[in-house]
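Me: I'd like a close look at just one part of this model. Please take it slowly and explain the terms as they come up.

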Amino acid sequence: MTDCSPTQTPDDFDIEALRAKYAAERAKRVRSDGSGQYLELKDDFVEFAEVDPHTEVTPREPIDADIEVVVLGGGIAGLLAGAYLKKAGVGDVRIIEMGGDFGGVWYWNRFPGIQCDNDAYCYVPLLEELDFIPSKKFADGAEIFAHCQNIGKHFGLYDGAIFSTQVRTVRWDDGISRWRLTTNRGDDLRARFVVMAQGSYNRPKLPGIAGIKDFQNAGGHVFHSARWDYDYTGGDADGGLHKLADKRVALVGTGATGVQLVPHLGRDAKQLYVFQRTPSSVDFRGNAPTDPQWAASLQPGWQAERKRNFHRWSPFEGVVFDAPDMVCDFWTELGRNLTARIGASPDPTALGVEEIMAMREEEDYKIMERLRRRIDDIVDDPQTAEALKPYYRFMCKRPTSSDTYLPAFNRPNVTLVDVAESKGIERLTAKGVVAGGVEYEVDCVIFASGFEISTELSRRYAIDVIEGRDGVSLFDHWRDGYKTLHGMTSRGFPNQFHTGFIQGGVSANTTAMFEQQAEHIAYIIAEALDRGATVVEPSQQGQDAWVSTIRELAFDNSAFDLSCTPGYYNNEGRGFGDASRSFLGEVYSPGFYAFDDLLRQWRDAGDLKGMELQ
């Protein structure tokens with residue numbers, strides 16, 4: 001759609017001085033409690049996760065049923081699992097979803113300004129199959145939510161779907177060779193197969209700040225951005241938060257969500273205090289509408305080609321000489337600049353890995369310096385501008401883009417409160433927020449603090465009990481590291497399948513990973529049914545071999561990881577040593593599409609090597 005060239009980046013800076021600056025900024029933010037700094041949303045705080053502002057939960061009779069396949073989660077991962085199961089000829093598929101509809105993160109997150117941060121033509125799945133083209137490069141949340149609903153309709157997944165329901169226990173019953181599931185609605189379900197598809201961004205998290213209840217009890221209003229309260233703010237996802245005109249608002253968090261929220265809150269609230277521990281990198285967005293001529297020119301297979309192209313140009317690979325950069329945005333800039341740098345060298349073929357990595361590091365520093373200087377060009381107040389500057393390597397935190405975030409800090413009613421020195425907010429009081437010894441009086445506190453990604457597995461799954469054969473807990477089974485075959489099945493947990501960042505291929509495009517897993521899981525289930533098997537699970541030898549493969553091929557990225565500012569990308573600064581709690585703890589290091597080829601070859605062989613069928 002565009003002519004995509006390398007970007008112009010500065011080189012008049014001292015890299016060694018920046019290395020020292022990066023290390024100092026990281027040290028200010030590292031906390032001894034790691035992921036323990038976040039509250040588990042139960043007991044007094046359960047409302048932040050389990051109250052549904054979008055759908056009224058109506059009473060119903062408990063369901064007592066035998067089901068062929070139960071999919072836990074109705075977000076994109078669950079929808080893709082259901083879709084591929086249907087395409088594989090598996091008819092009896094029922095999705096259980098905590099929300100009142102399909103969509104997952106796009107059902108729950110309806111805050112003002114919500115859009116995807118990835119190229120929508122790659123991120124939104126099954127575009128060709130449903131004959132749909134997003135209206136712009138970074139599609140609005142409502143458009144993605146509607147597409148999720150259309151996936152559900154297209155594949156008949158609404159039939160038998162169980163909404164507004166939380167699974168409480170999942171136990172294998174050897175006597176009937178099925179999983180027994182109980183829910184908060186009194187259901188008793190017996191499933192032959194269970195697909196765990198809760199997604200990576202399904203459960204909100206709160207910073208463990210003292211006094212949240214004190215503030216609430218004194219009449220202050222509190223909610224999480226993933227449970228937006230339009231009754232309080234007025235307006236809708238397009239903005240117009242008119243009820244905040246006389247309100248003083250505190251926003252806690254400046255990640256991807258905060259970047260999208262600040263322009264709306266700054267425009268509509270009487271006063272906005274933005275509490276920031278670590279600034280995001282914020283690039284130009286330029287969210288152009290879809291070119292109808294380009295859309296009309298697309299040929300069958302275009303989305304798969306574009307997704308592969310995006311992955312190759314993204315930071316996961318990033319050196320491409322045989323294809324243009326189709327996506328051409330802030331995700332692919334490093335790849336573009338590095339490729340040009342290598343191509344301009346006297347003999348590119350003579351460059352070794354260490355030389356290329358050194359070039360990559362330099363290009364990384366140049367891009368981050370460009371982004372910092374962009375802040376100086378936009379933000380008027382020098383102190384605010386300096387506090388907004390990201391001093392860390394690209395991909396230490398999720399990169400963002402916005403054309404309205406940085407200008408919002410030029411508004412007289414928007415105040416940035418940097419809490420890096422105190423490693424976070426000190427406490428909430430009856431009147432407001434205390435940070436750096438200063439009390440900021442507010443009427444409302446909005447937490448844009450993300451999701452349970454690097455906390456204990458039991459918290460992320462939000463299921464009280466998952467027990468396999470002989471009553472073994474999955475949480476205990478994986479406590480010292482994942483044990484799987486291809487990241488999707490685990491011995492001792494027959495007929496159970498997993499999606500997510502577990503011992504498999506990882507792409508910059510998360511939905512591509514979910515689609516890859518959904519296709520593979522559907523194949524195994526369909527084959528088991530066709531072959532008359534009651535139980536399918538990895539053999540001990542097959543599982544051991546895969547775990548060895550993952551660990552033998554592992555690329556040691558610990559130096560980069562531990563140099564990064566703390567966040568969910570690096571287990572709050574603690575690194576990936578605790579694999580079952582890390583965002584990218586154990587992956588197939590040859591790459592996402594190498595893993596895709598491996599899975600396809602495995603399926604083509606037809607012998608289900610490493611699996612046992614009974």
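Reply: What follows starts with a pair of helices and then moves on to a core and two strands.

A quick word first: this is a predicted model, where local features need pLDDT of at least 70 and side-chain atom pairs count only at pLDDT 80 or more, while totals for chains, interfaces and linings use all residues. Residues are numbered from 1 along each chain as its sequence is written, and side-chain values use heavy atoms, with hydrogens and water left out.

Find helix H18, residues 510-530, and then helix H21, residues 592-605. (Helices are DSSP runs of H or I with at least four residues, strands are E runs of at least two, and both are numbered from the N terminus.) The two axes come within 11 Å and cross at roughly 10 degrees. (Axes are lines fitted to C-alpha atoms, for helices over the stretch in contact, with angles from 0 to 180 degrees between N-to-C directions.) So H18 and H21 are roughly parallel to each other, a label for angles under 35 degrees.

Who meets whom? On the H18 side you'll find Ala512, Met513, Gln516, Glu519, His520, Tyr523 and Ile524. Across from them, H21 brings Phe592, Phe595, Asp596, Leu599, Arg600, Trp602 and Arg603. Sorted by type, the residues of this contact are eight nonpolar, two polar and four charged.

Now zoom in on Arg603, which sits in H21. Arg603 counts as buried because its relative accessibility is 11%, and buried means under 20% (1.4 Å probe, protein chains only). Leaving out residues up to four places away in sequence, Arg603 touches Glu519, His520 and Tyr523, where contact means heavy atoms within 4.5 Å.

H18 has another job for your eyes. The largest nonpolar core holds 98 residues, and Val69, Val71, Trp228, Leu265 and Ile525 touch the most other members. (Such a core joins buried Ala, Val, Leu, Ile, Met, Phe, Trp, Tyr and Cys through side-chain atoms within 4.5 Å.) H18 gives this core its largest share, 11 residues.

Take Val69: not counting residues up to four places away in sequence, its contacts include Leu85, Val93, Phe193 and Ile525. Val93 is also the bridge partner of Val69 in E3. Strand E2, residues 64-72, pairs with E3 in the parallel sense over four bridges; pairing takes at least two bridges found by DSSP. Along E3, residues 93-96, Val93 and Ile95 point one way and Arg94 and Ile96 the other, and all are buried.

Technical notes. Parallel < 35°, antiparallel > 145°, perpendicular 65-115°, else oblique. Nonpolar A, V, L, I, M, F, W, Y, C, P; charged D, E, K, R; others polar. Buried < 20%, exposed > 50% of the residue type's maximum accessible area, 1.4 Å probe, protein only.
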